[in-house]
Amino acid sequence: MKLFFHKITHWEYWPFQIVYIPIYFLWSYYSIKAKSIFFFNASNPTIKNGGFMMESKKEIYNLIPQQYYPITELIKQGTALEQILKSIEEAKIKYPLIAKPDIGLRGSGVKKINTVADLKEYADKANFDYIVQDLIPYEHEVGIFYVRYPHEKVGRITGIVSKEFLIITGNGFSTIEELIKENPRYELQLKILKQEYGKKLLIILPKGEKLNLVPYGNHARGAKFIDGSHWITPKLTETINEMCLQIPGFYFGRMDVMYNTMEELEQGLNFSVVELNGAASEPTHIYDPKHSLFFAWKELARHITYMYEISVANHKNGTPYLRHKDGMKEYRMHLVQSNKIVNF
């Protein structure tokens, strides 16, 4: 009951179908103007469906210069463990590593792999293509939303979100499970953490020892999102723009970036792109608990307007909108893929 009231009184936990109700009307308006429900397809011409649905993470990584992201290998569903191990060895990917669906959904199916046994368990269970990649060594993570119109050489950062991982600190007498229950945000993850950690949650964590239970900044997995838009500076914008100009056909989306220090990130040093998301990107700084639902609606409307205007500009330059028949087919495939991952 405590967790139920926590979710009710914090809109960040509400189903996105509820949060987005006013945005559906704006989407309908832009769809009528563009004469296409699937106008978003033109927002990022080199990414499948503009990055709104059924886009391959590996194909997106392939657009990004290698120095900006971790070594990544695509593993097809049903690939034998021996072949997977060979691919990892040849790519020089080391444990621990990250495994995640190639066509993902809000962080579902992402898992840290510590051993060959963990990898075998993931491979045996996965009923989808997935990628394995080096674990990024940097401590901090931000999501940086980038927007650039096709006629522009310089884009802009429209929002930054920083992420607090699901980290607990031992007191010398409480079990890991008891420490999790001290924080409603963490306790909401207890069911899935029990599946992942099992009896390890009964271990008493030594006083002062920290444990990162989910080593990636995903809101659906307990990370706290904090609005870091005050970090936007001309120098950071220059650094991010320099990288994005090297990504063909990318105009609209959010990059999740891990970094060492903000000063180094500004200089383009010691950072790595975790993922690049296209048309389906949210300005996730809206999920900072300090923000109201009205603030979220304003920011969502602002970013969908960017996406519409960029899509129209690209369409005028020759990028076709997705045909309705093809769009509905892609959407049905998206629903099937989503069910696979959610039930993983």
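A salt bridge is counted here when a side-chain nitrogen of Lys or Arg lies within 4 Å of a carboxyl oxygen of Asp or Glu. With that in mind, and remembering that the model is predicted, begin the tour by selecting Lys 163 and Asp 256, whose side chains meet in such a bridge with 3.2 Å from N to O.

**Stop one: the charged network**

Lys 163 sits in strand E6 and Asp 256 in strand E10 (residues 252-259), so this bridge ties together parts of the chain that are 93 residues apart in sequence. Now add Glu 141 to the selection: Lys 163 forms a salt bridge with this residue too, the closest N and O atoms being 3.0 Å apart. Because Lys 163 belongs to strand E6 (residues 156-164) and Glu 141 to strand E5, this second pair joins parts 22 residues apart in sequence. Are these partners buried or exposed? Lys 163 counts as buried at 10% relative accessibility, Glu 141 is buried at 4%, and Asp 256 is buried at 7%. Adding Arg 254 completes the view, since Glu 141, Lys 163, Arg 254 and Asp 256 are linked in a network of salt bridges. The structure as a whole holds 14 salt bridges.

**Stop two: helix H12**

Select next helix H12 (293-316), and on it Arg 302 and Glu 299, whose side chains meet in a salt bridge of 2.8 Å, N to O. These two residues are three apart in the helix and therefore separated by about one helical turn. Arg 302 is partly exposed at 30% relative accessibility, whereas Glu 299 is buried at 8%.

On the same helix, colour Phe 294 and Trp 297, which are likewise three residues apart in H12 and separated by about one helical turn. Their ring centres lie 5.3 Å apart and their planes stand at 90°, so the pair is edge-to-face. Phe 294 counts as exposed, with 64% relative accessibility, while Trp 297 is partly exposed at 25%.

**Stop three: the nonpolar cores**

Show the largest nonpolar core, which has 34 residues and in which Trp 11, Phe 39, Phe 40, Phe 252 and Met 307 touch the most other members. Helix H3 (21-34), strand E5 (140-147) and helix H12 each supply at least two residues of this core, and H12 gives the most, with nine. Centre the view on Trp 11 and display its surroundings: beyond neighbours within four places in sequence, Trp 11 is in contact with Val 19, Ile 286, Tyr 287, His 291, Ser 292, Leu 293 and Ala 296. Apart from this core lies another, of 26 residues, among them Tyr 69, Phe 250, Val 257 and Tyr 259.

**Stop four: aromatic rings**

The structure holds 16 aromatic pairs. In the pair of Phe 40 and Phe 52, the ring centres are 4.2 Å apart and the planes are at 20°, so the pair is stacked. Both residues lie in the loop between H3 and helix H4 (57-63), 12 residues apart. Phe 40 is buried at 2% relative accessibility, but Phe 52 is partly exposed at 29%. Extend the selection to the cluster in which ring pairs link Trp 27, Tyr 29, Tyr 30, Phe 38, Phe 39, Phe 40, Phe 52 and Tyr 308.

**Stop five: the annotated segment**

Select residues 12-30, where an unreviewed UniProt entry places the feature "transmembrane region". In the model, the end C-alpha atoms of this span lie 26 Å apart, and the span is 74% helix and 0% strand.

**Stop six: helix H6**

Move to helix H6 (residues 116-125), whose buried residues are Asp 118, Leu 119, Tyr 122 and Ala 123. These residues cover an arc of only 130° around the axis, which puts them on the same side of H6. Which elements cover them? The cover includes helix H5 (81-91) and the strands E2 (97-101), E3 (111-113) and E4 (130-134). Rotate to the face turned away from the buried side to find the exposed residues Ala 117 and Asp 124.

**Last stop: Leu 322**

Finish at Leu 322, in the loop between H12 and helix H13 (324-342), which counts as buried at 15% relative accessibility. Draw a distance to Asn 49: the two are 273 residues apart in sequence, yet 7.5 Å apart from C-alpha to C-alpha. Setting aside neighbours within four places in sequence, the contacts of Leu 322 are Ser 36, Phe 38, Asn 41, Asn 49, Gly 327 and Glu 330.

Terms used. Residues are numbered from 1 along each chain as its sequence is written. This is a predicted model: local features need pLDDT of at least 70, side-chain atom pairs count only at pLDDT 80 or more; totals for chains, interfaces and linings use all residues. Side-chain values use heavy atoms; hydrogens and water are left out. A nonpolar core is a set of buried Ala, Val, Leu, Ile, Met, Phe, Trp, Tyr and Cys residues joined through side-chain atoms within 4.5 Å. Buried means under 20% relative accessible area, exposed over 50%, partly exposed in between (1.4 Å probe, protein chains only). Helices (H or I, at least four residues) and strands (E, at least two) are DSSP runs, numbered from the N terminus. Contact means heavy atoms within 4.5 Å. UniProt positions are given in the numbering used here, feature names are shortened, and annotations may be inferred rather than shown by experiment. The arc is that of the directions from the helix axis to the C-beta atoms. Rings of Phe, Tyr and Trp (its six-membered ring) pair if their centres lie within 6.5 Å; planes under 30 degrees apart count as stacked, over 60 as edge-to-face and the rest as tilted.
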